[in-house]
Amino acid sequence: MTNNIASLANKESTGYPAPKSSPNQSITNRDRSPSNRKAPAADLGEQQKIAVAGETVPILFGKRVSNKGGVWIQPSLVKAGSYFFKGSFLFPVSQGEIVSSPVKHRVWVGLRNMAFLADQTITISNIYNSAATLAASPGTCPVLGAGMYCGNETYSFLAESIPDSGTWTNRADYTATKYWAYREIPRGTGDTTNIGFLGTVEFFDNVTGTDLTSAWFAYIGFPPSTQFAFNTSPTYPTTMPVAGAVDVVQDFSYFVFPPDTDWITVLGASGSITEVWTMLGESNPLVATFPASVGTLTSIQCEYIVSEYADPASTPTADNSSYADITFLKVVGDIYDPPEEGSYPTTTRQLSIYYEQGVKVDLYSVDAAGSTQGASNQLVDLAMYLFTSLKRNAAGTTPDVASPILTSNLPTIASFCNQYSLHFNGIIAESVNIIELIGETAPFFLLSFLSTGGQYRFAPVLPINGSQQINLSTLSAAATFTEDEILPGSFGKTYVSAADKADVNCVMLYRQNDPDAIGTQQTVQVRYSGVSLDAPTEQFDMTDFCSNRDHAIIYAKHYLARRKYSVHAVNFSIPLDTTGLIPTDIIKIERQRISSAGDNRTETEYYQITSIDHNTDGTTSIEASQFPVNGSTVPIISNEVVNGSFTVI
């Protein structure tokens, strides 16, 4: 047995090599990583995702109608700051302008609803600037305020809390080219006026690792064993600060120092340094001539600002175009993790936010010219928005460039989708090929995305009537082909395998995007009545765009009806077709069946075109799948989708 296992292992180890990764794939791989998905994750309490350079800004597309839809998103954090110990956070939510304004009770920080956090002064807002707006004023920072700055030359942050014992490390960016400042605030309870923490310090160069402690103490004129006190005021203040009292802490304008080239030069430092503090406990009273405080001081919080400019708010950034045409969510307030004893966390949980209406687009679903704008949940509007984003659909240019998609039928297609709640509510969060995205998504909307006649176009996969509903009346074929039109020897018929006709259960995954609960995945199972529950299962993932149970169900019914009733496909050639047939058109084929028994008859079948090619030899090749009708020439598949007997659980 051991030899057999070893032999099998050797065979495994000498199998096919692992596929090689393509170059320049790091950001693509990150976009596709489950941990970086922008749709709600199962672990709502995970730490906030941090954006990286080059990460794709998502597109949030959708619109809530009839109490269905809207979109939950978990955006990455792209920028953060701090002002008077309240955080400010910036999240890129979507390319384009989001129609909805954010509301606090539809925002969660981990498992905590923002509306009920301890800090009731939290503010949230959308920030959007068009490319034209920023081009007209390129030096204006659209996110400025509350400790937030444009560019990387200025930043503010909360440092880890200073404890009363143990080691506390602080990386200081004291360079010859930067200004810096800080605030302190006591953390604890009650009156902490005359309490302080004592500690000794060592200094190290961050680049070379050189110990700069002796040089630093020689420079300031104190012995290396000097103990320093941490407190919100170096002397006993007139107004006593109590733990958590921010209003007595001075603004940065009192603390900003110009770059100090002298001590950097004296120490021989390469630039930034690290301070390593050994905390020696608290001193109460800190100032012996005043009485001891009766409060409890658990830690001291420091807030820093670092800038290359004496006035950080006047950052001379010449070009802020990177903020153009993106909706950012700005949150100002304390959304940090709840503090533990003796500490004040500076981390946050993942933010989740619900928008009833997504990005503003041209509404080709309303009129074929796309002359109005608003939020949409129509796949046709998403397609046009993506083409417009790539400058493939610019009004006023030549028709061939301006209309890569046939637009005249888009209102009709949208009306059909409305009839059956076929709506798109989701997030596009990675770089995609537009044609592949729309082409692979369209069938879930009972549509086909075609390339024909030099244009792309949408077409329903089932015949529809004048009311844009699935047609359940007598079927009219777009063309009829007899043996007179079909070129001799070109006709072929292929039957679907038995395995592909077996009864199955369809398990449909969709996402329930309700505003009162973070969007979670749901399932619905659909099968023909009479099919066993333990029949084979086929699963379809519609969570990227489907937020309506009825949408998932009707797609499953269509899939099952096709599987059951379309049992073969045909292919044939005809002289060059000039009638304008396209895939999805229904055709009729009439062929004579002549037998030696004398029971000659005409066989008539209906088919749906799946592909049509015009060849260089002047012929047209057609492939089509069976589209059966009943005795009243009503399409069976269409009737099954609307009136069939299914079990839905």
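Helices (H or I, at least four residues) and strands (E, at least two) are taken here as DSSP runs, numbered from the N terminus. The model is a predicted one, in which local features need pLDDT of at least 70 and side-chain atom pairs count only at pLDDT 80 or more, while totals for chains, interfaces and linings use all residues. Residues are numbered from 1 along each chain as its sequence is written, and side-chain values use heavy atoms, with hydrogens and water left out.

By that reading of the secondary structure, the chain has 11 helices and 31 strands. Of its 649 residues, 47% are buried, where buried means under 20% relative accessible area, exposed over 50%, and partly exposed in between (1.4 Å probe, protein chains only). Contacts, meaning heavy atoms within 4.5 Å, often span a long stretch of sequence: among those with a separation of 6 or more, 77% are between residues 24 or more positions apart.

A good place to start on the backbone is the loop between β13 (273–283) and β14 (296–307), which holds P285. The peptide bond joining N284 and P285 is cis, with omega at about 15 degrees. Most residues other than glycine have a negative phi, and most peptide bonds are trans. Two more residues stand out on the phi side. N67, not a glycine, has a positive phi of about 60 degrees; it sits in the loop between β1 (59–61) and β2. With a relative accessible area of 60%, N67 counts as exposed. S421 also has a positive phi without being glycine, near 55 degrees, and is found in the loop between α8 (410–419) and β19 (426–428).

S421 turns up again in the lining of the largest cavity. Rolling a probe the size of a water molecule over the atoms shows where empty space is left. In detail, the search runs on a 1 Å grid over the protein atoms alone, and a cavity is a set of points where a 1.4 Å probe fits but cannot get out; lining residues have an atom within 4 Å of a point. Grid points are joined across faces, edges and corners, and a volume is the space filled by probe spheres set on the points. This gives 3 cavities of 30 Å³ or more, and the largest cavity holds about 50 Å³. Besides S421, its lining includes K63, K68, N377, H423, C546 and H551. By class, the lining comes to 2 nonpolar, 8 polar and 2 charged residues, with Ala, Val, Leu, Ile, Met, Phe, Trp, Tyr, Cys and Pro counted as nonpolar, Asp, Glu, Lys and Arg as charged, and the others, Gly among them, as polar.

Turning to the sheets, two strands pair if DSSP finds at least two bridges between them. One open sheet has 4 strands in the order β2-β16-β5-β6, with antiparallel pairing. Its edge strands, β2 (71–73) and β6 (112–113), each pair on one side only. Between β2 and β16 there are 3 bridges, in the antiparallel sense, and I73 stands opposite I353 in β16. Q350 belongs to the loop between β15 (326–332) and β16 (351–355). Is Q350 buried or exposed? At 0% relative accessibility, Q350 is buried. Leaving aside neighbours within four places in sequence, the contacts of Q350 include L44, E46, Q74, P75, W108 and G110.

The aromatic rings come next. Rings of Phe, Tyr and Trp (its six-membered ring) pair if their centres lie within 6.5 Å; planes under 30 degrees apart count as stacked, over 60 as edge-to-face and the rest as tilted. There are 28 aromatic pairs in the structure. One of them, Y323 with F328, is tilted, at 5.5 Å centre to centre and 55 degrees between the planes. Both partners are buried, Y323 at 9% relative accessibility and F328 at 6%. The F387 and Y456 pair has ring centres 6.1 Å apart and planes at 50 degrees, so this pair is tilted. F387 lies in helix α6 (residues 379–389) and Y456 in strand β21 (residues 455–460), which puts the partners 69 residues apart and links distant parts of the chain. F387 is buried at 2% relative accessibility, whereas Y456 is partly exposed at 21%. Helix α6 is mostly covered, with 9 of its 11 residues buried, among them L379, D381, M384 and F387. Elsewhere, ring pairs join F61, F424, F444, F445, F540, F545, Y555 and Y559 into a cluster.

Definitions and conventions:
On a 1 Å grid over the protein atoms alone, a cavity is a set of points where a 1.4 Å probe fits but cannot get out, and a pocket is an open set with protein on both sides within 12 Å along at least five of seven lines; lining residues have an atom within 4 Å of a point.
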